[in-house]
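Let's talk through a protein model, one question at a time. Have the structure open while you read.

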Amino acid sequence: MKNDGLTLVRLEGRPMRVDRSAIEALASSMQGSILEKGAPGYDGAREVWNAMVDRHPALIARCATPDDVVRCVQFARRNRALTSIRGGGHHIAGNALCEGGLTIDLSGMRGVRMTSGSTRVVVEGGARLADLDAMTQKRALAVPVGINSTTGVAGLTLGAGFGWISRKYGLTVDRLLSAEVVLASGDRVIASERENADLFWALRGGGGNFGVVTSFEFDAVPLGPEVIAGLIVHPLEHADDVLDFYARLTKNAPDELTVWAVLRGAPPLPFLPPEVHGKPAIVLAVCWVGDPKDGEAVLAPLREHGKPYGVHVGPTPYVGWQQAFDPLLTPGARNYWKTHYFEALPKGLWDVLVDHVKRMPSPLCEVFVGQLGGAVARIPEDATAYAYRATSYAMNVHTRWERAEDDARCIAWARSLFDAAAPFATGGGYLNFMPEDDQGRVAAAYGEHLPRLAQIKEKYDPENLFRVNVNIAPAKSAAKREAPPPPRP
C-alpha cells in the first residue's frame, strides 16, 4: 500500500480522503484481505456476472468471517462510505459493486453445513446455489432455489427466490428459519420468528436493504436424487396452438408440476435435428417432483401435444437439472432484463411476445414465462415481505449479447417488449430481475408492503448505509421527500 491516504466516495456522493492509517487498521483487523485499485487480484475481484457492469470500488474487502464483516460495516459507518455488498455477484444491476466506495465481498464465505439427522442447513453469505444443492442432495433433500447454479444464495433469498420446486415447496424465503445479520450499527444479530421478528419479516423479500446477512438457516424438504424433467421444443410458427395449450395446462396443474415457456432460438441440443438449431422456437421446460408413476400420466399430454422439433423428458438427477441452463447463463456476456407479473396469459400477450421474438436483436436473447402459484400462493400475503403471492406467472425479458456497440439496440428491444406487455401485467415485478435503471420501480418491487418496509428500514438503517440495491428509503426520509412545501408567508 502507498503511504498517502485514499479517496472514498461518501454516502452523499462527495469524495472524501481517508487516512492511510485507518485503512491499515481495518486490513490488520481482518482475517480476510483488502484490495485497492491496481493491487494484484483487484480486477478479478471486481468482475461480476453481467459484463455491462464496470465499476471500480476504492476498496474491496474480501471477508473471511462474520467478524470481518462487522469491522467493515463499522469502517463504512464511521467514514460514511458508499457501500455495496457482494454475495454471488449475479444480480443483473451489478449491485455487488459501487463506484468509488467500499465493497464488502462475501464471495469467499461459501460454507454449507448440516447436522447429522437434521433437515436444517446453514449457508454462508457467499455460497452459490450449486454449493447448497450439493450438500442437501447428499441426503436426498433440497431447498427451493433458482434455476442457475452459479447464482448467489444470499441475493436470491433476499429477493424471495423461486424455481423448479417452488410450486410444491414454496419460495426460498418460505424455508428460511433464521439469518445472522450485521446491522448498519455494526451489531451482529439473529433474525427469526422469535428474535428481531420485524427484521426477519423484512429480509424475506425486502432485498439487501437491512443489513449484511452472513449466514442463512433453511429447513430442507425431501427431494431426489431424481426428478422427471426435460425440454419439449416446438416451432415458433405453432405458437397459437402451443401457447394456448400451455396456458390451459398450467392453470390447473398439480403442485408437483412446473412448466416454463421459453421463447428463443432453438438451442443446439443433441435431441434436436441440426437444421432447426437457432430457429425461433418455444421451449417448454418441464419438472415433475412427485411420484414418478403419477408423473408419467400427468406428463403424457405434454409429450403428445402438437408436432414438436424434439422431446427430451425423463428421470434425471435433480442436481443435473439445476445446472441444465448454466451454459446459457455463463458470465462475461452483456445482459439487460425487464420483468412483469401476470395473473393470466391471454392471446394478446402471446402475440406481443411472439412478435418481438421474431426480431430478437441477438441470438442469445430469450423471453421466459415462469409458472408460479401452488404452495407459493397458499401462504398469507403478509407473512413475508414478498408481496405477490397471488401472482400466477413471472416474465423475464432476458436480453443478452456480446458487443458494447450493440447496447442501445438490444436495450431498446427489451424496453419495447416490456412496454407492449405492460397492459396485460399486474404492475408488479420480481426484485431479482430488475436492472439498474428500474430504481423508479421500487413500488413495483415491494408492492403494498413498501410502507412497512420503510418503517423497518428506518429502525435498522436510518442513514441508508445499505443503499446500493433496489433501495427502500427510511420512513422519515421518504416522508420528508413526499411532504408538500410549507405555505408561503
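What follows is a set of questions and answers on the pockets, cavities and helix contacts of this predicted model.

Q: Which strand gives the largest share of the lining of the largest pocket?
A: Start with the pocket itself: it holds about 360 Å³ of space. It is lined by 19 residues, and the closest to its centre are L231, L269, F271, W321 and A324. Strands β14 (226-235), β15 (257-265) and β17 (310-317) each put in at least two lining residues. The largest share is four residues, and the strand they come from is β17.

Q: How many residues in the lining of the largest pocket are charged?
A: There are 19 lining residues to sort. By class, 14 are nonpolar and four are polar, and the number charged is one.

Q: How many nonpolar residues line the second largest cavity?
A: The model has two cavities of 30 Å³ or more, and the second largest has about 40 Å³ of space. Its lining is made up of G159, G205, Y341, Y386, A387, Y388, G429, Y430, L431 and A445. Glycine counts as polar here and tyrosine as nonpolar. The lining has no charged residues and three polar ones, and the nonpolar count is seven.

Q: How are α8 and α11 oriented to each other?
A: Helix α8 covers residues 239-251 and helix α11 covers 347-357, and their axes come within 11 Å and cross at roughly 130°. An angle over 145 degrees would count as roughly antiparallel, and 65 to 115 as roughly perpendicular. The α8 and α11 pair fits neither, so the word for it is oblique.

Q: How many charged residues are in the contact of α8 with α11?
A: On the α8 side you'll find A239, D240, L243, Y246 and A247, and they meet K347, W350, D351 and V354 in α11. Sorted by class, the contact has six nonpolar residues and no polar ones, and the charged count is three.

Q: Why is α11 described the way it is relative to α13, and what is the term?
A: The axes of α11 and helix α13 (residues 407-421) come within 9 Å and cross at roughly 165°. The cut-off is 145 degrees, and the angle is over it, so the term for α11 and α13 is roughly antiparallel.

Q: How many polar residues does the contact of α11 with α13 have?
A: In α11, look at L349, V352, L353, H356 and V357, which meet W413, S416, L417, A420 and A421 in α13. That contact has eight nonpolar residues and no charged ones, and the polar count is two.

Conventions. Residues are numbered from 1 along each chain as its sequence is written. This is a predicted model: local features need pLDDT of at least 70, side-chain atom pairs count only at pLDDT 80 or more; totals for chains, interfaces and linings use all residues. Side-chain values use heavy atoms; hydrogens and water are left out. On a 1 Å grid over the protein atoms alone, a cavity is a set of points where a 1.4 Å probe fits but cannot get out, and a pocket is an open set with protein on both sides within 12 Å along at least five of seven lines; lining residues have an atom within 4 Å of a point. Grid points are joined across faces, edges and corners, and a volume is the space filled by probe spheres set on the points. Axes are lines fitted to C-alpha atoms, for helices over the stretch in contact, and angles run from 0 to 180 degrees between N-to-C directions. Angles under 35 degrees count as roughly parallel, over 145 as roughly antiparallel, 65 to 115 as roughly perpendicular and the rest as oblique. Contact means heavy atoms within 4.5 Å.
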